[in-house]
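Trainee: I would like a close look at a single helix in this model. Please take one part and go through it in detail.

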Amino acid sequence: MTSIGPELLVESLSLIVYTVVAGALTVGGILVEQASLQHLGAGEAMIALWLAALGGVMLYAGVYGLGYQKVLAEYV
């Protein structure tokens, strides 16, 4: 049986952490965008705009910043 080297363990753990954080930011961004649409439908335009901006930043950070640049860069 082979042992896992410390370098492989650190790389695996960092990849898992990046994947979990990217997923959490993406799901959170989708939920915030949904809340933005609900506030817009209720006539609260300023809150809807703030939530839309926040959701957009969360989606950008989750999908592109971490998901594409960190997680997928490890596989290629």
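Mentor: What follows is an account of helix α2.

The model is predicted, so local features need pLDDT of at least 70 and side-chain atom pairs count only at pLDDT 80 or more, while totals for chains, interfaces and linings use all residues. Residues are numbered from 1 along each chain as its sequence is written, and side-chain values use heavy atoms, with hydrogens and water left out.

Helix α2 covers residues 45-75 (helices are DSSP runs of H or I, at least four residues, numbered from the N terminus). Its 31 residues should span 45 Å at 1.5 Å a residue, and the end C-alpha atoms are 42 Å apart, which agrees; the expected span is 1.5 Å times one less than the number of residues.

A kink of about 45° is centred on Gly-67, the bend being the angle between axes fitted to the seven residues ending there and the seven starting there. Gly-67 is also among the buried residues of α2, as are Leu-51, Met-58 and Val-71 (buried: under 20% relative accessible area; exposed: over 50%; partly exposed: in between; 1.4 Å probe, protein chains only). These buried residues pack against α1 (6-41), where contact means heavy atoms within 4.5 Å.

Tyr-60, Tyr-64 and Tyr-68 form one aromatic cluster. Rings of Phe, Tyr and Trp (its six-membered ring) pair if their centres lie within 6.5 Å; planes under 30 degrees apart count as stacked, over 60 as edge-to-face and the rest as tilted. The rings of Tyr-64 and Tyr-68 have centres 5.6 Å apart and planes at 20°, so this pair is stacked. Tyr-64 is partly exposed, at 34% relative accessible area.

Conventions: Helix = DSSP H or I, 4+ residues; strand = E, 2+ residues; numbered from the N terminus.
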